Amino acid sequence: MGSHRNALVAVVRQELAEARGTARAVLAAAESARNEAQRRKKLIRDAYATCLAQLAEARDTARQDILRRTQAEAATLTRNVESLAALTASGAAGTSWRYWTPTEPDRVGRPGLLRIGTVAYEAGETRTKLPALVPFLDHAHVNVLGDQPAADGVVSGLLLRALGTTRPGDVRLSVYDPEQLGGTLAAFAPLGNAGLLSFVSPGGLGAALDELVEHICRVNESVLAGEYASLTELTAATTGPRPEPWRVVVLLFDPGRTGHLTGEQRAQLDRVVRTGVACGVHLVVRGLELAPHPTVERIAVRGESASCDTTGTLIVTLDAAPPPERIAAFCRATAERLRAGPPPARFADLEPEKLWTESSAHGLTAPIGDSTDGSLVEVALGDDPPHALIGGPSGSGKTNLIYAWIGSLAARYGPGELALYLLDFKEGVSFARFAPGPRDPSWLPQVRLAGINVNGDREFGLAMLRHLGEELRTRAQAAKRYEASKLAELRAEDPGGHWPRIVAVIDEFQVLLTGRDAVADEAVTLLEDLARRGRSQGIHLILASQDVSGIEALWGRSGLVGQFTLRIALPKARRILADTNLAAAVIPRFHAVVNADSGVAGANRVVRLPDASDRAVWRSLQRKLWRERPETCVPPRLFDGDAVPRLPAMYRPAGRVPRGAADVGSSPGAVLGERIDVSARPARLRLGRMPGRNLAVLGTRIDEACDVLASAALSLAAQGPARFRIVCLDPGAERPAARLVAELPQADWYGPADLDDLFGTLAPDGIPHYVLGYALDAAGPAYRERLRGLLADGPEQRLHVLGWWRSVPRLRDDLGGIGARLDTIGAWVALDVQGPELSPLSPQPGGPAWYPRRRRALFFDRSVHRHPEVIIPYEVNSDHT
Ligand SMILES: Nc1ncnc2c1ncn2[C@@H]1O[C@H](COP(=O)(O)OP(=O)(O)OP(=O)(O)O)[C@@H](O)[C@H]1O
């Protein structure tokens, strides 16, 4: 029993032990599960915290980014708004009173917005202020409501800004101030002296409103006449001054009172509100609410602040009222200026709104200034009048007038419509501005030729006239082909052709005509032809002179002067207008009388001329036109009488020396200098195998003689194989002669002791030989015989002498003395040799009319010239200029 119990106990114990073991295991598993759960919970907590931190960081970055962008955008926006404000309310429209001065608009300027105060604005971290702007002239009536005296400050500020941004006389004020009897705006009273301000009496409001309504009716009926919607539109369409001034009517009511207006007055006021702005009538009403209308700008004043329709809910901090003494000073100055008349047009006012829109088929019309009422005065060139004569004493403004005219034409007519040829016989460079220069690369695209410092070179004037004469012939032939009788018809028949109108301006033209010589005779003939036939071929002449005798010389040639029906007389000009027409004697400085009827009294128009001489103003127009030039446009030819041309590189030997066998051509051309012509061609002497093909350079100017010989030799060397023998018998010429030897491919040097050698070795070998003789007259009698033989027989064997003799008698001595035949000298270049001395060499009895001058030479080639021609010896080495 005891063992059974023991056994039972043992079983129970065993089971208990097992149950405990199981319970322990279960506990351990539960604990491990709990631990795992706790670990996971911690993990999740940690992840959550990280997530939160990351989110916070991301949010922070995003916020920073947004803030940065907002700031940048706000800054840009502020800048834009500021520049917009500066643009729409520039100068007197927006400057604070401290720095305020009136700014007159240009002719095409239209009123913008006006500042009344500032609006505070947060631009990022900075607080900034923008001008608060309201519309007024051409845009709105202004209705100021609220506290006085700030409201009065707004009114006087707006009025001053409006007056200061318009021309004197363009705004007329009426003030109705029944409480203060005009005292509120007393500072504006000086305007009354010029009729720009009137006060309406306390009982006169009804009549004043009736008058305004009638004015609006009249503007609608006779000024706008159904063609324009508003005065603004009409003014924009015309070039003249504003057809009607703005009428600004200020009505100052006391806000504390009521019953300001009768029913009839209210109805009239409403009519003005509805219709006034289009007709230039603007109300400024304080203390009475105007009927709502899109053209009413309401400004509600509270203390020193305000809100208005334009700025919406933004609070405007109002500017202080302008100081009364400043208003009064401005009004006095305006009245004074009005009495003195409007200021003359500025050069920029002559510019059209768009460049190069005009066709010159029927003529050239351009304003050159304005009349005393401010409207531009146009001057026409075409079939009638075809040509113009300008006169006025020195300093009266002829050059300035020419600049103004050229600028005005050039802005309207492009290079396909207008070609300009400009010549100034005065000493000076007035036309140089049209050509590219070292300081300004721009040029006027219409200018084909500009001549400056031409006073000594009448031949250049002649060359220009000849060139125009050729153009006239070309046009006449084309007109004949197309059966056209004038340029407009030719252009219509030949639309693909290039037929611009040509305007040739010759300042101090009388220089060309004075003197009884071949130049004057030919110039008159050419001018007469151009004046007579140029009219129908679109070639127009503008001649200017300060010299009465020069103009009188023209009067003697009735065939010529009769064509110049357009006369422009500057102050104190004589003989430009008809004798009975004394207008030029009484016009003030910088004015001109324009008369398109040959100067008869009754056809005068007085023009105020703008200042077109100012280089900066001119340059701004020229640069604009230059940038617009078509690709085909080439710079003008500039002839400067004071400049010495250099021998062009193409006439100098370069690169490979031509081989002996190369073909040299039958008559190589020796280049001697630049011709005085429109295209600056070189003067050439053909050296063929014919008797007399030698050259004599005559005179004592060593530099120029050396340059002539050097350019002849170098240009011959550049054309093909040739052999040169340099004979230098004057120590003064040794340097340039030695330089020439150095530059020539095949040249030998002969000094005074080598003359036997020279003559002894000269033999024809098929290649041209050129003997360049410096001071050949120094060879002396011993060599004369051989020299004569060489001159006579050499050219046919291609042996040519290009020699310098220091005088004509010495040349003659070398050739056989008095009575000697000079046939062996087929061509000569005379430097400082007087005309009569050249008579033995010249076809004209008594010699050519030639007055030697620096860097000019007379060239005569018996085989091509009827008369000698003036040339400019090229500078070959730059030792002497
Ligand atoms: N309309 C003008 N407004 C302002 N200045 C002007 C005006 N016209 C001319 N001038 C100035 O007057 C001066 C003389 O003018 P300009 O050289 O045109 O006269 P001119 O008649 O050509 O004289 P000259 O025959 O001696 O050359 C210049 O300094 C020029 O700038």
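This note goes through a predicted model from its overall make-up to single strands, helices and the ligand shell.

1. **Overall make-up.** The protein contains 20 helices and 31 strands. Of its 881 residues, 42% are buried. Among contacts with a separation of 6 or more, 72% join residues that are 24 or more positions apart. The points below take up some of these elements one at a time.

2. **Strand β3 and its partners.** Strand β3 covers residues 141-146 and pairs in the parallel sense with strand β8, residues 296-302, over six bridges. One of the residue pairs here is H141 with V296, its bridge partner in β8. β3 also pairs with β7, again in the parallel sense, over three bridges. On that side, V144 has R286 of β7 as its bridge partner.

3. **Residue V281.** V281 belongs to strand β7, which runs over residues 281-286. Is V281 buried or exposed? V281 counts as buried because 22 other C-beta atoms lie within 10 Å, and the cut-off for a buried residue is 20 or more. Outside the neighbours within four places in sequence, V281 is in contact with L212, H215, I216, R247, V249, V272 and G276. V281 also shows how residues separated along the chain can be brought together: A140 is 141 residues away in sequence, yet the two C-alpha atoms are 9.3 Å apart in space.

4. **Helix α5, length and faces.** Helix α5 spans residues 263-275. Its 13 residues should cover 18 Å at 1.5 Å a residue, and the end C-alpha atoms are 19 Å apart, so the two values agree. Which residues of α5 are buried? They are Q268, L269, V272 and V273. Viewed down the axis of α5, these buried residues fall within an arc of 145°, and therefore they line one face of the helix. An α-helix has 3.6 residues a turn, so residues three or four places apart point the same way. The face of α5 turned away from the buried side carries the exposed residues G263, E264 and A267.

5. **What lies over α5.** The cover on the buried residues of α5 includes β3, β7, β8 and helix α3 (205-224). Three of these elements have appeared above: β3 pairs with β8, and β3 pairs with β7. A residue-level link is the contact between V281 and V272, the latter being one of the buried residues of α5.

6. **Helix α6.** Helix α6, residues 324-340, has 17 residues. From first C-alpha to last it reaches 24 Å, close to the 24 Å expected at 1.5 Å a residue. Its buried residues are I327, F330, C331, T334 and A335. They cover an arc of only 135° around the axis, which puts them on the same side of α6. The face turned away from that side carries the exposed residues E325, R339 and A340. Helix α2 (150-164) is included in what covers the buried residues of α6. Just after α6 comes G341, with a positive phi of about 90°.

7. **Helix α8.** Helix α8 takes in residues 458-481. What span should its 24 residues have? At 1.5 Å a residue the answer is 34 Å, and the end C-alpha atoms are 35 Å apart, which agrees. Just after α8, a positive phi of about 55° is found at E483.

8. **Strand β30.** Strand β30 covers residues 857-861 and is mostly covered, with five of its five residues buried. A857, F859 and D861 point one way from the strand, while L858 and F860 point the other way. A student checking the side chains should note that the residues on both sides are buried.

9. **Neighbours of β30.** Strand β29, residues 827-830, pairs with β30 in the antiparallel sense over four bridges. β30 also pairs with strand β31, residues 869-872, in the antiparallel sense over three bridges. F859 takes part in both pairings: F859 is the bridge partner of V829, and F859 stands opposite E869 in β31.

10. **The ligand shell.** How many residues surround the ligand? There are 15, and the closest are S394, G397, T399, N400 and S613. By class, the shell has nine polar, three nonpolar and three charged residues.

Methods
Residues numbered from 1 in each chain as written. Predicted model: local features only at pLDDT ≥ 70, side-chain atom pairs only at ≥ 80, totals over all residues. Buried ≥ 20, exposed ≤ 12 C-beta atoms within 10 Å, placed from the backbone. Helix = DSSP H or I, 4+ residues; strand = E, 2+ residues; numbered from the N terminus. Pairing = 2+ DSSP bridges. Contact = placed C-beta atoms within 7 Å. Near = placed C-beta within 6 Å. Nonpolar A, V, L, I, M, F, W, Y, C, P; charged D, E, K, R; others polar. Expected span 1.5 Å × (residues − 1). Arc of directions from axis to C-beta.
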